[in-house]
Amino acid sequence: KLEGSEIISSNICFGGIDPQFTHALKTEEFLKGKNLLTNETIQGALKTLAAELNPDWVLPDAAPEYRKNLALSLFYKFTLQVASVLRFPLKNEYKSGGSVLNRVIAFYTAKDIPGVNDFMPVKSEFSPNVEEVFCSGRILYHGQPVGLVVADTFEAAQKAAKTVCIHYSTDTITETILPTVKDVADAKRHDRVVNIDYGFTGQSYGDATIPESAIHVSGSYESGGQYHYTMETQTSVCLPLEDENSLNVSVRRIGGGYGGKASRAVQVACACALACHLTKRPVRLVMTIETNMAVVGKRYGVVSNYSAEVTPEGRIIRLHIEFLHDAGCNSNEAPDFMQGYYGNCYSKDVWCVVSKTALTNSASNTWCRAPGSTEAYAMIESIIEHIAFVTGSDPLAVRLQNMPNDSPMRPLLQTFLADIEYDRRNGEIAQFNLENRWRKRGIAIVPMKYPVGYFGTLHALVSIYHTDGTVAITHGGIEMGQGINTRAAQVAAKVLGIPVEKIAIKPTTNLTAPNDFCTQASITSEAVAHSVLIACETLLERIAPVRQQHPDVSWEKLTQLCHSQGVDLCATAMYNGVELPSYNVWALSCAEIELDVLTGCVLLRRVDILEDAGKTLNPEIEIGQIEGAFMMGVGLYLTETLIYDRATGELLTNRSWNYRPPGAKDIPADLRIRLLQNTINPTGVQRSKATGEPAVNMAVVVLFALRNAINAARTDDGMPREWIPLGAPCTPDRILRHLGNAYDQYLLH
């Protein structure tokens, strides 16, 4: 422990000396009150340490002299490191750790940016505000980037970054740090609330008449944020060009995105480009997971309150909901596209939804797989469950009470119930709960109507090579694991009538895909397929006259003939979202869970999902998307916790050691995915439907099954029957709070 460079106390420990030696007590005593950064102190400490180090020698240990000298060298190396951190001047030949700093090329901050310090230069209704690449004034959240260290190696840059000293002034800062939306709500900080209106009022809300028999139901729902846990963090590579005013962008694929790389990647790319521009050298910027989690915003957290009047059967007479979303430190990308999701598959004429956004001291939150819809569906489905609990009704009966009579969900639900043998399993679960004190099971079902709307533009370029008939495709979408390139190749192979092995997908570039929209909202795969389809049909039209002249030649020979006759074998096409109508994805999920009442651990015994994917191009891709989306939702609801230091706002769960996405044992033991048969999407590409995001919304079913298991445990414990509000995430420690466990209950008979 130091005060300046004076030693107050120290702990000097060595292993591998002898079994009785741990602390170098005499050396610790010698150092008290001395200035570590003098030759006299260092030499005196080394002399004292040498005297009290007497290694034993038991084979196969190294020789005592070696181990003693190694211990002395390690102490000296530690001293050099302390001197480096304290910026004490050292002779170059003594800079043992200084070699890292010698490999530093530059350190850049906001003042080095030659243009505008804003990585959101294209303003829109979603992103109207400035977001700085590097902070130029007041720090908005813990971990906000203030500069970039450029070094010869990744390791050197990381180590050098830890030596940068930043001086903060707190003289004018008196505000309490509020890193989450719950903090804002609890503190009643209305000045932190931005009135971005993305709610609605049903046409009959104001006319609703409340009878005396109506039952009042009110409560709240809270959900934390969620990190985009991708296999690859934010990454950018920049190469200098001869023409400094040009920008060539190329992306082959990325290791997952989930929305975290939609706009947030631009900040990293700008920082990388700045270093490349100023050093005139190639620069590669790869974020560590700790930095990535600190710098990049997450899924919107939410605090919602609701109040409803319902009939004794559970039909909603009037419903009022207030959403408060967590924007982070900037209100860019607020979920103001949520109107279509609030109602799910229910009638909402008598609803009023008020949605607002809270500014918090955390990184600006952004889109995360199924943004906005996840919170909207969880909210209304929680309300339905609450109504069923208060009225003593079956939750499925309450859902049917609030569905339009002509809803396609009604017959779909009945078929689903029969297919999964719901009634039989529900009875077996009730019997299991009667026979087991410390393990309880629960089952629940959630329906979903997920609207999908097209927007934006996207290009595709298809080239046929006459030498061997192979085909190359480049498009405006970004492959991130969703199978977008596989779909593009399949569409081209089907339209051109050639084996898919003849098709290669090239990187996406801004030369061939200018002005294309972001890969998001589960529609890019369809948009790419649509563009590829049009381009391939254009090529077939050009080839048709030659094919008529030579109907029996092979594809390879046909392309050679086309080339010899001057046929253009390269075609571009553009998907235009304005031209395509929207559609709905219908789906149902059922979860059966088992709760270990003693530990709060949850086992997903079985999950059934029925989803309408239209006439799918590739069932394996669709099922993989549904599985992945559902498990990402399971992480949100059961395992992934963002914990912040209340005093500083630092994100404490910032790596895989303490932030836990679902693991292998969190996957349902029995996971059954079924795509709805005999259904098509007449307006979709090849009559298919989106699958990337809908299943995230259905994962909330695990909370409802969990609540049923908790209620069974509370009944055994003699606890009162009361509504248990469950939000996200329901980790074991939070689950145990709702159980009445006490050690005097732990008996053998």
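Which residues line the second largest cavity? In this predicted model, the legends below take up that cavity and several other sites.

**Figure 1. The second largest cavity and its lining.** Tyr227, His228, Thr230, Gln234, Gly257, Gly260, Lys261, Asn292 and Val296 form the lining of the second largest cavity. The volume enclosed is about 50 Å³. By residue class, this lining holds 2 nonpolar, 6 polar and 1 charged.

**Figure 2. The largest cavity.** The largest cavity contains about 70 Å³ of space. Its lining is made up of Tyr141, His142, Met293, Ala294, Lys298, Asn361, Ser362, Ala363, Asn365, Tyr644, Gly649 and Leu651. These lining residues divide into 6 nonpolar, 5 polar and 1 charged. In total, 4 cavities of 30 Å³ or more are counted. Rolling a probe the size of a water molecule over the atoms shows where empty space is left.

**Figure 3. The nonpolar cores, with Tyr637 and its contacts.** The largest nonpolar core has 135 residues, and the members that touch the most other members are Ile445, Val532, Phe630 and Tyr637. Leaving aside residues up to four places away in sequence, Tyr637 touches Tyr221, Thr374, Ala378, Val696, Ala699, Val700, Val702, Leu703, Gly727, Ala728, Pro729 and Cys730. A second, separate core has 25 residues, among them Ala110, Met120, Leu148 and Val283. In soluble globular proteins, nonpolar side chains tend to be buried together.

**Figure 4. Surroundings of Arg399 in helix H10.** Helix H10 covers residues 395–401 and includes Arg399. Arg399 counts as buried because its relative accessible area is 1%, against a limit of under 20%. Not counting residues up to four places away in sequence, Arg399 is in contact with Tyr346, Glu381, Ile384, Glu385, Ile445, Val446, Pro447 and Phe704. One of these contacts, Ile445, is also among the members of the largest nonpolar core that touch the most other members.

**Figure 5. Thr27 of helix H1 beside helix H2 residues.** Thr27 lies in helix H1, residues 25–31. With a relative accessibility of 0%, Thr27 is buried. Beyond residues up to four places away in sequence, Thr27 touches Ile12, Ala45, Thr48, Leu49 and Glu52. Ala45, Thr48, Leu49 and Glu52 are among the buried residues of H2; the others in that set are Thr41, Ile42, Gly44, Leu46 and Ala50. Helix H2 runs over residues 39–52 and has 14 residues. At 1.5 Å a residue, H2 should span 20 Å, and its end C-alpha atoms are 20 Å apart, so the two values agree. An α-helix has 3.6 residues a turn, so residues three or four places apart point the same way.

**Figure 6. Tyr454 in the loop between strands S14 and S15.** Strand S14 (439–452) and strand S15 (457–464) are joined by the loop that holds Tyr454. Tyr454 has a relative accessible area of 10% and is therefore buried. From C-alpha to C-alpha, Tyr454 and Ser522 are 9.6 Å apart in space, while 68 residues separate them in sequence.

**Figure 7. The whole chain, for orientation.** The C-alpha atoms fill a box of roughly 90 × 85 × 60 Å along the principal axes. The secondary structure comprises 19 helices and 22 strands. Of the 749 residues, 50% count as buried. Among contacts with a separation of 6 or more, 78% are between residues 24 or more positions apart.

Key:
Residues are numbered from 1 along each chain as its sequence is written. This is a predicted model: local features need pLDDT of at least 70, side-chain atom pairs count only at pLDDT 80 or more; totals for chains, interfaces and linings use all residues. Side-chain values use heavy atoms; hydrogens and water are left out. Helices (H or I, at least four residues) and strands (E, at least two) are DSSP runs, numbered from the N terminus. Buried means under 20% relative accessible area, exposed over 50%, partly exposed in between (1.4 Å probe, protein chains only). Contact means heavy atoms within 4.5 Å. A nonpolar core is a set of buried Ala, Val, Leu, Ile, Met, Phe, Trp, Tyr and Cys residues joined through side-chain atoms within 4.5 Å. On a 1 Å grid over the protein atoms alone, a cavity is a set of points where a 1.4 Å probe fits but cannot get out, and a pocket is an open set with protein on both sides within 12 Å along at least five of seven lines; lining residues have an atom within 4 Å of a point. Grid points are joined across faces, edges and corners, and a volume is the space filled by probe spheres set on the points. Ala, Val, Leu, Ile, Met, Phe, Trp, Tyr, Cys and Pro count as nonpolar, Asp, Glu, Lys and Arg as charged, and the others, Gly among them, as polar. The expected span of a helix is 1.5 Å times one less than its number of residues.
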